[in-house]
Amino acid sequence: MSHPHPELGPPSPLPANGLRITPLGGLGEIGRNMTVFEYGGRLLIVDCGVLFPEEEQPGIDLILPDFTSIRDRLDDIEGIVLTHGHEDHIGGVPFLLREKPDIPLIGSKLTLAFIEAKLQEHRIRPYTLEVTEGHRERIGPFDCEFVAVNHSIPDALAVAIRTPAGMVVHTGDFKMDQLPLDNRLTDLHAFARLSEEGIDLLLSDSTNAEVPGFVPPERDISNVLRQVFAGARKRIIVASFASHIHRIQQILDAAHEYGRRVAFVGRSMVRNMGIARDLGYLRVPPGLVVDVKTLDDLPDSEVVLVCTGSQGEPMAALSRMANRDHQIRIVQGDTVILASSLIPGNENAVYRVINGLTRWGANVVHKGNAKVHVSGHASAGELLYFYNICRPKNLMPVHGEWRHLRANAELGALTGVPHDRIVIAEDGVVVDLIDGRAKISGKVQAGYVYVDGLSVGDVGEPALKDRKILGDEGIISVFMVLDSSTGKITGGPHIQARGSGIEDDAFTAVLPKIVDVLERSAQDGVVEAHQMQQLVRRTLGKWVSDTYRRRPMILPVVVEV
């Protein structure tokens, strides 16, 4: 198995008969999926998603793929193929279209409807091409065929990309539920047909490669939800992804059966469910869905609220309910259902929300104590089955953390893919398909791009490090006035602490040390303000460390007069 090397340099020019594959996100992480294909000087992008921040990224709203490697080649992009409508596959599109709004978007009806609604908020009207399974479309030099795959959202597609360099199949996210709620199966017949033609490189979803066996059918959840609804005496609050239409349909069916009304909470949930209903993907009995404002007129035993926040997102509705920061107040006897799996890295945040809800008396039903969710990604048994059908000549695991990519590679090897034809890459690692073999040829920039409010890319790792220090250790500010000619202190030092746990009065002990250091510095002829600030920072920092074993941020302010 080939794998990236930390010393990889820029890739060499692509030969005329070669196809280049550059993942800019989604490898070594869950989210931010984006892959760039290049042939004959033209580019095709598959997906452009976002990654959601973790605790060590305070203040960050979203994390984008790094567009640096393609920013000078936006005119070469033939289009963006979107495999399905989840945020980790479409959430970055508005930010790329800000740089070139006329890049065509290619996807299924529901996927395009979701992204078009999102782009309206950015005042972008995209060029779109709607495709369906079985559809074959030439996009520049790329001959693309779309294949139905089953996932946790309707209308998901895999894409087979044909070029003179060979055929690459990108699965997107998929599983092989044999009893899907919408009766739309992963089209194994189409994959077998592509296999007969010859799949030169397979890019395959790795998210569940470590999980043995097969993913249970979505239909298994319906009976569990009915049991929860039958036992609930007060309100039922369901937290789900705003795009998980299959799960919301099951909630609606159970609510209808038990005589409850449903209200959607949160802008993205209301928007997406409205789109799904209008396009016929969500079946809503008349009178079942009501406005959240009307719920006060209904008894608690007839209420179902559907909101976001199943991953413990701080600003999502469920987290705010747990923190008593939402108009909907959790009371004793409410039932809360977390109808989703845990995305790796979110465990602490989710359990913090569960504990908060439980504190207020809610009965919290989640995947750990009831079967209220099944994954949307193929497990090891399904992947083995899939590889035996596809028989790829080369394999490149995608969509997953390192452990998932490694596990997926091992599954491919078990089905007969030679080890030297399995490429384990990471974001930015360039893979070339030349003469039927996939090999790593270099690396391009593919770091995190942070979205903080209206700022995109302005916040970097140093700023995040400062925010983490501020959050963990607090800040101490030192203000003083110096005579610019003599370097003598004419005012201060005045010291204030915030968030450090140190009372302001405690700094009386260190003030003489600071004054002494500055006076000796002035005697040595050091009177420049920046040098003075550094002396204060070192002196005060050492005293705080020795006295309290803490490392707060120290901000000296020197005013020269």
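V557 sits in strand β25, where strands are DSSP runs of E with at least two residues, helices are runs of H or I with at least four, and both are numbered from the N terminus. V557 counts as partly exposed because its relative accessibility is 35%; buried means under 20% relative accessible area, exposed means over 50%, and partly exposed lies in between, with a 1.4 Å probe and protein chains only. Before we go on, please note that this is a predicted model, in which local features need pLDDT of at least 70 and side-chain atom pairs count only at pLDDT 80 or more, while totals for chains, interfaces and linings use all residues. Residues are numbered from 1 along each chain as its sequence is written, and side-chain values use heavy atoms, leaving out hydrogens and water.

V557 has company on the surface: together with F479, L555, V559 and V561 it forms a nonpolar patch with about 390 Å² of accessible area. Such a patch joins nonpolar side chains (Val, Leu, Ile, Met, Phe, Trp, Tyr) within 5 Å, like charges being joined within 9 Å instead, and its residues have over 30% relative accessible area and no salt bridge. A salt bridge here is a side-chain nitrogen of Lys or Arg within 4 Å of a carboxyl oxygen of Asp or Glu. The areas come from the Shrake-Rupley method with a 1.4 Å probe, and for residues only the protein chains shown count as cover. Strand β25, residues 553-560, gives the patch its largest share, three residues.

Now let us turn to a sheet. Eight strands make up an open, mixed sheet in the order β7-β6-β5-β3-β2-β1-β19-β20, where two strands pair if DSSP finds at least two bridges between them. At its edges are β7 (128-130) and β20 (437-443), each pairing on one side only. From one strand to the next, the twist averages 25 degrees.

Start with β1, residues 19-25, which is mostly covered: seven of its seven residues are buried. On one side, three bridges pair β1 with β19 (residues 429-434) in the antiparallel sense, and L19 stands opposite L433 in β19. Strand β2 (residues 34-39) is also antiparallel to β1, joined to it by five bridges; there, M34 is the bridge partner of G25.

Further along the sheet is β5 (residues 77-81), the home of I77. Is I77 buried or exposed? I77 counts as buried because its relative accessibility is 7%. Leaving aside residues up to four places away in sequence, I77 touches L43, I45, I70 and I103, where contact means heavy atoms within 4.5 Å. Q332 lies 255 residues from I77 along the chain, and their C-alpha atoms are separated by 55 Å.

Towards the β7 edge, strand β6 (residues 105-107) runs parallel to β7, with three bridges between them. One meeting point is G107, whose bridge partner in β7 is E130. Helix α4 (residues 109-121) lies across both strands, at about 145 degrees to β6; axes are lines fitted to C-alpha atoms, for helices over the stretch in contact, and angles run from 0 to 180 degrees between N-to-C directions.

Finally, visit two loops. N150 is in the loop between β9 (142-148) and β10 (157-163), and it counts as buried because its relative accessibility is 3%. Beyond four places in sequence, N150 touches several residues, including D173, F174, R184 and G376. A242 belongs to the loop between β13 (236-239) and α7 (245-257).
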